[in-house]
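Hi,

Here is the structure I said I would pass on. Have a look at it first, and my notes follow underneath.

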Amino acid sequence: MAITAQDVNKLRQETGAGMMDCKKALTEANGDFEAAKDILRKQGQKIASKRADNATSEGVVLTQVSEDGTTGKVVALACETEPVSKVEDFQNLANAVLQAAVTTNATSKEELLATPQADGRSLQDHITDLMGKIGEKIDVVSYETVSADKVVAYNHSNGKLGVLVGLSNTNGTEVEEVGKDIAMQIAAMKPIALDKDGVDSATVEREIEVGKEQARAEGKPEQMLEKIALGKLNKFYKENTLLNQEFVKDSSLTISQLLEKTSKGLTVSEFKRVAIGG
């Protein structure tokens, strides 16, 4: 049957796919709209399969904190190129991912992707559809939740970095400002843990071995290597664990001291730093 421009435009309006893709799908489906939609969806699945190993170094990171300030969500929707990350459909999809996370309180990325949307199809189905339309790999590369007495969020201006900070023992103190400062500290200084107890044993062992090798290369006596390496490990903790880091706005204070100065007993119970492309 003849495929009219009106038919093509109608399918485009319903699916968001390109004009040529819609025309091809309708032609293949002999004008059957539902069959044409299935063809377009399969196209997305083919692209998803073909580009599964492609790097996704662009995208958007979004955060949201609950009205009572005790729970925060951060999601990262990634794609292959920067122009795609600016497309309205991609931005809308990222917001849909965040709202699904907030609404369902999904406990994992897999559960989040299975969330039904308004049309009854899953979030993953919508991601696959957009892959078919855009021709790039799109993926939820991170989904994190933080719960605490007070959760503060920070989004970097490039849209590709988000931080959640959970503050405990707030004791009714207004801690929004210090929470923002600490979130920006995390964004800039990339701590790997709250304190030394949060650093995994493999990292500790590696740092000790590196410290020994450095000392050995400097000609230090063998019996001194362990002590020197432990000294270097303490420096590593100060530089890479949040509570022991120097506060970037005032190097006379560590983050731990900043918190205590703000309110006695105030501390960070948890944080999440999510970035796309570094």
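The strand to start with is β2: eight of its nine residues are buried, so β2 is largely enclosed by the rest of the structure. Bear in mind that this is a predicted model.

On one side of the pairing, β2 runs antiparallel to β1, with eight bridges joining the two. If you want a spot to check the register, G59 has A78 in β2 as its bridge partner. β1 and β2 make a hairpin with five residues between them, and G69 in that turn has a positive phi of about 75 degrees. β2 also pairs with β3, again antiparallel and again through eight bridges. There, A76 is matched with S142 in β3.

Now for the packing. The largest nonpolar core has 23 residues, and V75, L77, F90, L93, L112, I127 and I138 are the ones that touch the most other members. At least two residues of this core come from each of β1 (58-65), β2 (71-79), α5 (88-104), α6 (109-113), α7 (123-134) and β3 (139-147). The biggest share is from α5, which gives seven residues.

V75 is a good residue to click on. Leaving out residues up to four places away in sequence, V75 touches V60, V61 and L62, then A94, V97, L98 and A101, and also S142 and Y143. Apart from the largest nonpolar core there is another one, of 22 residues, including V163, I186, L259 and L266.

Cheers

Notes: Residues numbered from 1 in each chain as written. Predicted model: local features only at pLDDT ≥ 70, side-chain atom pairs only at ≥ 80, totals over all residues. Heavy atoms only, no water. Core = buried A, V, L, I, M, F, W, Y, C linked by side-chain atoms within 4.5 Å. Buried < 20%, exposed > 50% of the residue type's maximum accessible area, 1.4 Å probe, protein only. Helix = DSSP H or I, 4+ residues; strand = E, 2+ residues; numbered from the N terminus. Contact = heavy atoms within 4.5 Å. Pairing = 2+ DSSP bridges.
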